[in-house]
Amino acid sequence: MSDYKKPLPQVEPYTQAFWDGTKNGKLLVQTCSDCNARIFFPRKQCPECWSTNLGWMEASGKATVYSYSVTYEGVEAVFKDDLPIVLAWVDLPEGIRMQTNIVECDSDSVHIGQDVEVVFKAVTDDITLPYFRPVA
Amino acid sequence: MSLAIVGIAEVPTKRDPERTRWDMLTEVCIGAIRDAGIGKDDIEAVISVNPMAQPQMALDMALGRVPEVLGLKGCKDICVLNAGGTSTTNCLRLAKYFIENKQAKFVLVPHTTVQSDIPTEDLINFFATAPLDMQWEYPYGVTFNGAMGLITNRYMHDTGATAEQMASVTVSLRAWGALDPNSIFHGKPVTLEDVLGSRMISTPLHAKECNFLADGAGAMVVTSHEVAQELGKPAAYELGHGVRFTGATPVLRDDPYFHRAYRESSQDALAEADLGIDDMDLRQIYGAYPFTQCSALEGYGACAVGEAAGIWADGRCGPGGDLPCTTMGDATGRGHTGSGVSMAFYLDTVRQLRGEAGERQVKNCHHAIVTTSGGSVMNAATTVFGSEPR
Ligand SMILES: [Zn+2]
């Protein structure tokens with residue numbers, strides 16, 4: 001895993017819990033205890049009310065494709081072995097929309113409205129990225 | 001509000017590593033000042049467009065080399081502004097401040113960019129990372145094209161626009177470019193089959209619907225409405241302006257294809273100008289990707305939501321059409337000079353309002369609406385120009 005060459009997320013102190021979660025097989029959604037906002041991406045302070053009284057809820061892992069784009073070229077060299085890459089925006093029932101990749105699928109079959117579920121891939125000892133795959 | 005563009009010059013968009021940034025910059029600055037019919041020492045401020053991915057040139061401009069190289073003895077101050085594709089718009093806004101506060105009678109706004117001497121892999125890296133969030137987007141292989149593919153697919157899903165209709169946007173943009181000696185695609189129109197048959201980059205965007213990076217330079221001299229009238233030459237008079245921010249990260253926006261930003265920014269600009277969208281003779285839309293040409297028309301209220309792609313497909317926005325749009329060609333139809341695309345949009349608008357657009361001239365062009373955007377359309381900055389002051 002240490003030979004992972006692709007860019008790793010640049011973790012901030014206040015997002016560490018998210019990445020600790022994925023490492024432990026949990027997809028966490030940041031929540032605001034004062035205004036009940038569901039927050040993505042995680043912040044130091046709630047973007048709705050600036051509260052620092054923030055927490056985390058574990059997501060179900062289910063999601064729906066809001067949009068997608070299958071990339072065939074034009075990526076940096078470190079991504080070339082992964083082509084085609086299915087970029088996707090997925091809506092979680094917990095109330096957030098995330099950027100991800102749809103994996104373990106025929107790229108031609110991905111479509112808006114498709115049901116997908118989270119799948120975790122440990123890419124280094126510290127970082128596990130959340131991807132999504134079609135629900136079987 | 002009283003800004004007028006009274007002098008312009010441009011180095012045509014092309015890939016020409018023989019020409020340096022300073023070589024082109026000097027030519028357009030002198031050209032714009034001569035076009036305005038004033039002397040070099042009449043320029044009292046230089047507000048430069050930040051050149052993207054060219055850190056040395058950006059620093060040279062930021063630290064005052066432009067007036068020194070040109071010998072602008074009357075220059076009181078300089079500034080470089082960076083907001084990606086809306087950098088030029090910001091330059092005009094600051095110029096307006098200088099002019100309205102009598103700090104400067106004439107302001108020079110220059111841009112220069114050379115991308116053909118930058119290694120391709122570096123450009124891919126720059127344009128992959130510049131607009132992206134390093135934590136939540138970059139690890140997934142998102143690129144500029146990929147982000148715009150995501151938006152375009154959703155736009156097509158919601159409006160019912162077809163792949164053929166979307167490809168027709170590029171056909172019309174390239175048709176304008178084919179008639180434009182300032183376009184890298186001068187004399188090179190494309191057909192629907194050319195667009196749909198070009199390589200798929202990021203669905204639904206084919207290679208010809210993406211941007212071709214190029215070199216170019218441009219400059220404007222701006223002043224007040226009153227001084228512009230005293231000069232006694234055709235000019236472009238700013239009549240109204242509005243802007244809306246959409247957000248930095250595409251996935252987080254609640255206005256995913258910018259209908260609201262186009263609508264509200266154009267309403268503000270038109271209200272200030274005391275004009276309506278149907279009074280516009282020309283619509284100039286800088287979005288760098290074809291769906292923006294449709295989305296902006298719908299946001300402006302020039303047609304109903306869901307109609308714009310069909311209007312483009314009918315050829316109504318291209319040469320000879322009854323709803324001319326983006327005679328400048330946008331980045332896909334003209335070549336992408338980084339932050340210079342918005343400069344070229346204003347230059348082309350001035351040509352149209354002065355009746356100097358050659359084969360692309362829109363008949364009786366007295367009012368134009370221009371929208372520029374920065375980043376991955378983080379904002380929509382809309383300006384109404386007229387051939388006469390209010
Ligand atoms: Zn809150």
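Here are some notes on a zinc site, a helix pair and two buried residues in this predicted model.

1. Ground rules. Residues are numbered from 1 along each chain as its sequence is written, chains are lettered from A and ligands numbered from 1 in the order in which they are written, and side-chain values use heavy atoms, with hydrogens and water left out. As the model is predicted, local features need pLDDT of at least 70 and side-chain atom pairs count only at pLDDT 80 or more, while totals for chains, interfaces and linings use all residues.

2. The zinc site. Four SG atoms, from Cys32(A), Cys35(A), Cys46(A) and Cys49(A), coordinate the zinc ion at 2.3 to 2.4 Å. Donors here are N, O and S atoms within 2.8 Å of the metal (3.2 Å for Na, K and Ca); water is not among the atoms, so sites may look incomplete. Along the chain the spacing reads C-x2-C-x10-C-x2-C.

3. Its geometry. Why is the arrangement around the zinc ion tetrahedral? Because the 4 donor atoms subtend angles of 103 to 116°, and four donors count as tetrahedral if all angles lie between 85 and 135 degrees. For comparison, the ideal angle for four tetrahedral donors is 109.5 degrees.

4. Two of the cysteines. Cys32(A) sits in strand E1 (residues 28–32) of chain A, and Cys46(A), 14 residues apart from it, in the loop between strand E2 (38–39) and strand E3 (54–58). Strands (E, at least two residues) and helices (H or I, at least four) are DSSP runs, numbered from the N terminus. Cys32(A) is buried at 2% relative accessibility, and Cys46(A) is buried at 0%; buried means under 20% relative accessible area (1.4 Å probe, protein chains only).

5. A helix crossing in chain B. The axes of H7(B) (residues 163–178) and H11(B) (residues 290–300) come within 8 Å and cross at roughly 95°. Axes are lines fitted to C-alpha atoms, for helices over the stretch in contact, with angles running from 0 to 180 degrees between N-to-C directions. The two helices are therefore roughly perpendicular, a label for 65 to 115 degrees.

6. Who meets whom there. Met166(B), Val169(B), Thr170(B) and Leu173(B) of H7(B) meet Pro290(B), Phe291(B), Gln293(B) and Cys294(B) of H11(B); contact means heavy atoms within 4.5 Å.

7. Asn379(B). This residue is in strand E11 (residues 379–386) of chain B and is buried at 9% relative accessibility. Leaving out residues up to four places away in sequence, Asn379(B) touches several others, including Thr86(B), Phe245(B) and Thr372(B).

8. Ala344(B). Helix H14 (residues 340–354) of chain B holds Ala344(B), buried at 4% relative accessibility. Beyond four places in sequence, Ala344(B) touches Glu10(B), Met328(B) and Arg334(B).

Conventions. Buried < 20%, exposed > 50% of the residue type's maximum accessible area, 1.4 Å probe, protein only. Tetrahedral: all angles 85-135°; square planar, octahedral: opposite > 155°, others 65-115°. Parallel < 35°, antiparallel > 145°, perpendicular 65-115°, else oblique.
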